[in-house]
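Trainee: I would like to go through this model with you and test each label against its cut-off. Can we start with where the chains meet?

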Amino acid sequence: MAFINISDVRMAGIAACIPKQSYHNKDYPHLSTEEKDKLIKTTGIERRRIADDNTCTSDLCFEAADQLISELGWNRTDIDLLVFVSQTPDYIIPATSTILQQRLGLSEECAAYDIALGCSGFIYGMSSVASMMSAGKLKRAILLVGDTITKKTNIKDKSTAPLFGDAGTATAFELTKNSGDGIQFHLATDGSGYKAIQIEAGGSRQSVDEIALTEIEIQAGITRRKVDLSLDGMDVFTFGISRAPESARKLLERIGKNVDQIDYFIFHQANLFMNEKIRKKLKIPEEKYLYSLSEYGNTSSATIPLTIVHQIKDQVNSKPLNLLLSGFGVGLSWGSAYLATNNIVCPEIIEI
Amino acid sequence: MELNSFIENFAAQFDDTDVSEFTPSVNFKDLDEWSSLTALSVIAMVDEEYDVKLSGNDIREANTIEDLYQLIANKN
């Protein structure tokens with residue numbers, strides 16, 4: 001059972017950066033007007049931000065981190081750890097975290113590594129950063145989490161293209177002697193579902209050949225290549241509505257808290273239909289359950305920090321809050337985190 | 001679990017299809033209103049009403065409403 005309890009690390013700041021280019025699902029070319037209306041109503045996704053060809057996840061995360069570090073007033077050479085969580089790195093080799101260490105002007109004495117997770121990535125990233133800091137008594141760390149997953153979807157695939165948007169985030173952590181409740185995690189995995197969300201070709205198992213680059217019509221409205229993202233909506237739905245509430249419930253039980261004692265629940269933004277099923281299972285009141293789906297869609301690993309900045313920026317930077325976060329999806333991988341935040345630095349969403 | 005009540009629950013996931021169309025032997029994927037979104041509603045209904053997890057393959061392999069009923073009965 002992967003429960004982790006970190007008592008000496010606090011979240012110090014959080015920032016998000018999105019591409020300027022906004023795209024409305026009413027303009028999606030491969031569905032009828034009626035189908036589009038139904039899609040928007042069911043998924044809750046109206047608009048999405050899409051990175052241009054020259055903008056990578058690392059660029060969005062860089063802007064978020066650069067501004068966050070400045071607003072925190074941190075000396076860059078005091079940052080001991082940088083972790084980059086993404087499924088859309090700059091290169092297959094090397095890790096993107098090393099490039100960002102240099103670009104952000106961090107010290108050579110800074111540890112840096114990548115974590116390749118998506119929807120659960122923010123939770124896993126937080127747990128990894130907090131554990132490293134606590135074990136090594138590292139004073140300051142930056143967690144960069146984001147994806148430009150629209151680069152991996154095929155516009156002719158109605159089961160993926162209208163759902164996803166791009167975003168990059170940066171979250172700052174510092175060692176503290178007085179963190180209140182600290183940060184608690186529950187982490188879990190079910191690799192039997194690894195095909196539910198997948199890019200089949202382009203790794204070591206299946207290289208990019210002519211077949212992988214050929215578009216295939218899987219069914220009406222779903223055309224893609226093996227180098228494009230595929231998603232089995234039904235499998236992911238069944239997974240999400242069972243595992244996400246289960247994980248949140250397990251963590252709440254573990255820490256001895258109930259729904260009433262949490263100020264806000266920030267769950268991975270999959271789609272409205274799935275997220276509402278999860279909310280109702282946990283009996284969370286609507287006003288405590290935050291969304292950013294209509295504005296930004298599913299931004300993969302970035303959804304949780306992006307939703308925090310989008311919805312409660314003015315609260316996280318002015319008063320103490322008890323937050324329950326939960327990420328679930330590709331892997332299949334999922335996890336939840338509980339933390340008490342107190343006056344954390346949270347700049348406006350950055351657009352580039 | 002009883003077949004008639006399952007058919008009622010199944011039919012409740014549709015907005016426009018006439019109730020008379022929902023028979024045990026109907027190929028539900030041939031119904032005009034059937035879509036990937038209806039599939040999610042059916043999965044959610046089965047989860048709520050029968051506490052059974054349907055996979056994408058379960059839906060793909062079932063042809064009739066009765067097929068689906070049998071599948072859920074076996075998992076229950």
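Mentor: The contact takes 13 residues from chain A and twelve residues from chain B. This is a predicted model, in which local features need pLDDT of at least 70, side-chain atom pairs count only at pLDDT 80 or more, and totals for chains, interfaces and linings use all residues. Residues are numbered from 1 along each chain as its sequence is written, while chains are lettered from A and ligands numbered from 1 in the order in which they are written.

Trainee: What makes two residues count as in contact?

Mentor: Their C-beta atoms, placed from the backbone, must lie within 7 Å.

Trainee: Which elements give two or more residues to the side of chain A that touches chain B?

Mentor: They are α1 (33-43), α5 (233-255) and α6 (272-282) of chain A. The largest share, seven residues, comes from α5(A). Helices are DSSP runs of H or I with at least four residues, strands are runs of E with at least two, and both are numbered from the N terminus.

Trainee: How is that side of chain A made up by class?

Mentor: It has four nonpolar, five polar and four charged residues. Ala, Val, Leu, Ile, Met, Phe, Trp, Tyr, Cys and Pro count as nonpolar; Asp, Glu, Lys and Arg as charged; the others, Gly among them, as polar.

Trainee: How do you know that the length of α5(A) agrees with what a helix should span?

Mentor: The expected span is 1.5 Å times one less than the number of residues. For the 23 residues of α5(A) that gives 33 Å, and the end C-alpha atoms are 32 Å apart, so the two agree.

Trainee: Where is the kink in α5(A) centred?

Mentor: On Gly240(A), with a kink of about 30°. The bend at a residue is the angle between axes fitted to the seven residues ending there and the seven starting there. After α5(A) comes Gly256(A), with a positive phi near 70°.

Trainee: Why is Lys283(A) called exposed?

Mentor: Exposed means 12 or fewer other C-beta atoms within 10 Å, buried means 20 or more, and partly exposed is in between; C-beta atoms are placed from the backbone. Lys283(A) has 9, so it is exposed. Its phi is positive, about 55°, although it is not a glycine. Lys283(A) lies in the loop between α6 and α7 (293-296) of chain A.

Trainee: Is Asn343(A) buried or exposed?

Mentor: Asn343(A) has 12 such neighbours, so it counts as exposed. It also has a positive phi, about 45°, without being a glycine.

Trainee: And why is Arg76(A) called partly exposed?

Mentor: Arg76(A) has 15 C-beta neighbours inside 10 Å, so it counts as partly exposed. It is found in the loop between α2 (57-72) and β5 of chain A.

Trainee: What makes the buried residues of α4(B) line one face?

Mentor: Ile65(B), Leu68(B), Tyr69(B) and Ile72(B) are buried in α4 (residues 65-75) of chain B. Seen down the helix axis, they fall within an arc of 100°, so they line one face. The arc is that of the directions from the helix axis to the C-beta atoms. These buried residues pack against α1 (3-11) and α2 (36-50) of chain B.

Trainee: Which residues touch the most other members of the largest nonpolar core?

Mentor: Of its 113 residues, they are Ala65(A), Leu82(A), Leu144(A) and Phe173(A). α5(A) gives the most to this core, with nine residues. Such a core is a set of buried Ala, Val, Leu, Ile, Met, Phe, Trp, Tyr and Cys residues joined through C-beta atoms within 7 Å.
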